[in-house]
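Reader: Hi! I'm new to this one and would love a quick tour. Could you walk me through it?

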Amino acid sequence: MLRKFNLLIARTAYGAFLLGVFGGVVMTGLIFVSTLMRYLGGSPLRFSDELAGLLFLSLTFLCLPYVLDKGRHMRIEILLNLVPAPMARIMDVIGTITLVTFCVVFAYEAWDFMDFSRSISSRADISGILLWPWMAIMPFSMLLCLLVQLRHGTRQPLADRASEEEVSS
């Protein structure tokens, strides 16, 4: 049962990651087309800035859980390397508690913000895109980050050192 839970969380994080990457590709193409239209056609797509911002939001928040799961997020390891191993473990647990607290508070506040946006049918100014579905990505991402952290326990996931060496060479 635990293996199925771990697999479900890993696949969900990876699926969200792929959606985020797809959003980033679409965002890049949209900005490219809008730039071409601005300089060659005289005026850009009128909705491109709003949609690019929403796609950037999706790129950022949908990729967070997968990056956390793989331990590829930014870490300040200089302090962990300077202190003895028992103190480093305590610092790691404090980091985990901080992450969990942030995710819970952020998910709660983002849910309220999204729910309010849904209740007033908030739309983007120029394009009229309904905003609450895009805002729903934020609490979804934070809840998935919580599940990813639950999957790893009290320790922060560490990146595979072999992949880091490949990137640096």
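Author: Happy to! This is a predicted model. A good place to begin is a helix pair: the axes of helix H4 (residues 85-119) and H6 come within 8 Å and cross at roughly 155°.

Reader: Are H4 and H6 roughly parallel or roughly antiparallel, then?

Author: Roughly antiparallel. The cut-off for that word is an angle over 145 degrees, and the crossing here is at roughly 155°.

Reader: And which hand does the crossing of H4 and H6 have?

Author: H4 and H6 cross in a left-handed way.

Reader: Which residues make the contact?

Author: On the H4 side they include Thr96, Leu99, Phe102, Cys103 and Trp111. From H6 come, among them, Met138, Pro139, Cys145 and Gln149. By class, the contact of H4 with H6 has 16 nonpolar residues, 2 polar ones and no charged ones.

Reader: You mentioned Thr96. Is Thr96 buried or exposed?

Author: Thr96, which sits in helix H4, is buried, at a relative accessible area of 7%. Its C-alpha atom is 6.6 Å from that of Arg155, a residue 59 positions away along the chain.

Reader: There were cysteines in that list too. How many disulfides are there in the whole structure?

Author: A search finds 0 disulfides. Take Cys145: the nearest cysteine sulfur belongs to Cys103 and lies 4.9 Å away. A disulfide needs the two sulfur atoms within 2.5 Å, so Cys145 is in none.

Reader: What is a disulfide, by the way?

Author: It is a covalent bond between the sulfur atoms of two cysteines.

Reader: Thanks! Is Cys145 buried or exposed?

Author: Cys145 is buried, with 4% relative accessibility. Cys63 also counts as buried, at 11%.

Reader: Let's zoom out. How many helices and strands does the chain have?

Author: The chain has 7 helices and 0 strands. Read from the N terminus, the elements go α-α-α-α-α-α-α.

Reader: What share of the residues is buried?

Author: Of the chain's 169 residues, 31% count as buried. As for contacts with a separation of 6 or more, 76% of them are between residues 24 or more positions apart.

Reader: Which other helix pair could we look at?

Author: Try H1 (residues 2-41) and H2 (residues 48-69), whose axes come within 7 Å and cross at roughly 150°. These two helices are therefore roughly antiparallel to each other, and H1 passes H2 in a left-handed crossing.

Reader: How many nonpolar, polar and charged residues are in the contact of H1 with H2?

Author: That contact has 20 nonpolar, 6 polar and 1 charged residues.

Reader: Back to H6 for a moment. What does Ser141 touch?

Author: Ser141 is in helix H6, which covers residues 137-152. Setting aside neighbours within four places in sequence, Ser141 is in contact with Phe61, Leu64 and Pro65. Ser141 is buried, with a relative accessible area of 1%.

Reader: And what about the loops? Where is Ser121?

Author: Ser121 is in the loop between H4 and helix H5 (132-135). Its phi is near 50°, a positive value in a residue other than glycine. Most residues other than glycine have a negative phi.

Reader: Last one: how accessible is Ser121?

Author: Ser121 counts as partly exposed, with 44% relative accessibility.

Key: Residues are numbered from 1 along each chain as its sequence is written. This is a predicted model: local features need pLDDT of at least 70, side-chain atom pairs count only at pLDDT 80 or more; totals for chains, interfaces and linings use all residues. Side-chain values use heavy atoms; hydrogens and water are left out. Axes are lines fitted to C-alpha atoms, for helices over the stretch in contact, and angles run from 0 to 180 degrees between N-to-C directions. Helices (H or I, at least four residues) and strands (E, at least two) are DSSP runs, numbered from the N terminus. Angles under 35 degrees count as roughly parallel, over 145 as roughly antiparallel, 65 to 115 as roughly perpendicular and the rest as oblique. A crossing is left-handed if the near helix is turned anticlockwise from the far one by less than a right angle, and right-handed if clockwise. Ala, Val, Leu, Ile, Met, Phe, Trp, Tyr, Cys and Pro count as nonpolar, Asp, Glu, Lys and Arg as charged, and the others, Gly among them, as polar. Buried means under 20% relative accessible area, exposed over 50%, partly exposed in between (1.4 Å probe, protein chains only). Contact means heavy atoms within 4.5 Å.
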